[in-house]
Amino acid sequence: MILHDLISFEVLRLIWWALLGVLLIGFALTDGFDMGVGALLPFVGQTDVERRVVINTIGPVWEGNQVWFILGGGAIFAAWPPLYAVSFSGFYLAMFAILAALILRPVGFKYRSKRESAKWRSSWDWALFVGGAAPALLFGVAVGNVLLGVPFHLTEDLMPMYDGSFYGKFLGLLRPFALLCGVVSLSMLIMHGAAWLSVKTKGMVAFRAQRIGTVAGMVAAGGYALAGLWLAFGIDGFHITSEIVKDGPSNPLFKEVAHEGSWLIAYTERPWILIAPILGFAGMFMAVRGLREGFEVSTFLWSKLAILGVISSVGLTMFPFILPSTVDPRSSLTVWDSSSSHLTLFVMLVAAVIFMPIILAYTAWVYKVLWGKVTEEDVTSSHSAY
């Protein structure tokens, strides 16, 4: 028996679909509060020292948190190559904007304190704001477009082709529902960042963060509810109408797809997935309550639960679709027809089983070592502080 035959192709596809979700959720849980803190920076810090306190809450951990972003991109490239090809070519300008914003973060950290000028430092503070707010918004816009469907089709040799001009592809992403999803993403990560600041700071910085985070959490919950209603009554879903071959070749053109009905029919077919939006709403409600009451660690954990529920609800609602096509629904990418080979998925799974525990262990160790509040005395007396 060949070793990789120990796990069927169908099961490996399901495992890597779940692992992709784990990596994306891991990125949102960790680097998400970094982005939220960046978006909050100009508003929760009124003095230079207060802003330095805010920056130093994420300064030691943001690089490690971005490991999840790299792992997610690598998993898409290796486990789901058609998804990588289609999404990165169609979302090229959006991806470039996200990367440009993310690049502002390390540059802002390093250059902000190179000069004593208040104008200089304020400019870099706003650069850090863009580095946090822009990706948080655009990631949500991307998720909204995935739910709406993307205007691409596959040629007979599986080359992805997009409708519209180069710049039109980017502007075409800014549809009302997608922008709503962007608002949900941004407000949810601002809430997450506020929860982190309530754990890591004290005094007026923590107070302002809790006040803004409370409003952001309510906006996130309202936007999430509105998006659900919009999906139910205003947006057509995608459904496979032909026989589903779960262990066949990775060729999306071998199936038939209908673009009709509602995405939310998934909740009648698989009622157990209702747990995801319940966790999302419960997490947001409890996080808002924790921010209002001044709770710390529990609020941060509830905020994590909200992110887990919201992201999971998208993946579970769409399953088995990963990237639907509005131009040619038959070209839509699903779990069953857009993966790498059986052997590749098995080898990657072995690597994930070995290295994921190591990543989780050193991440936990870093947070344990760096646990505790950042104070104004810390940033003014330490030569290693930003």
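The following questions and answers walk through salt bridges, a buried serine and a surface patch in this predicted model.

Residues are numbered from 1 along each chain as its sequence is written, and side-chain values use heavy atoms, without hydrogens or water. Local features need pLDDT of at least 70 and side-chain atom pairs count only at pLDDT 80 or more, while totals for chains, interfaces and linings use all residues.

Student: Let's start with charges: how many salt bridges does the count come to?
Tutor: Happy to. A salt bridge here is a side-chain nitrogen of Lys or Arg within 4 Å of a carboxyl oxygen of Asp or Glu. By this rule, the count is nine.

Student: Which residue meets the side chain of Arg51 in a salt bridge at 2.9 Å, N to O?
Tutor: Arg51 sits in helix 2 (residues 48-58), and the partner is 74 residues apart, in helix 7 (residues 118-148); helices are DSSP runs of H or I with at least four residues, and strands are runs of E with at least two, numbered from the N terminus. Arg51 is buried at 14% relative accessibility, where buried means under 20% relative accessible area, exposed over 50% and partly exposed in between (1.4 Å probe, protein chains only). The partner is buried too, at 2%. It is Asp125.

Student: Is Glu116 buried or exposed?
Tutor: Glu116 and Arg121 form a salt bridge at 3.6 Å, N to O. Arg121 is buried, with a relative accessible area of 9%. For Glu116 that area is 69%, over the 50% cut-off, so Glu116 counts as exposed.

Student: How many residues apart in sequence are the parts that Asp337 and Lys255 tie together?
Tutor: Their side chains meet in a salt bridge at 2.9 Å, N to O. Asp337 lies in the loop between strand 6 (333-334) and helix 14, and Lys255 in the loop between strand 3 (238-240) and strand 4 (257-259), so the parts tied together are apart by 82 residues.

Student: Which residue's backbone oxygen does the side chain of Ser338 reach?
Tutor: Ser338 is in the loop between strand 6 and helix 14, and is buried, with a relative accessible area of 0%. The side chain reaches that backbone oxygen at 2.5 Å, and the residue is Thr334.

Student: Where is Tyr362 placed?
Tutor: Tyr362 forms a nonpolar surface patch with Val350, Ile354, Phe355 and Ile358. Tyr362 is partly exposed, at 36% relative accessible area. Its place is in helix 14 (residues 342-369).

Conventions. Patch = residues over 30% accessible without salt bridge, like charges linked within 9 Å, V, L, I, M, F, W, Y side chains within 5 Å. Areas by Shrake-Rupley, 256 points an atom, 1.4 Å probe, with all protein chains shown as cover. Polar contact = N/O pair within 3.5 Å; in protein donor to acceptor, adjacent residues only side chain to side chain.
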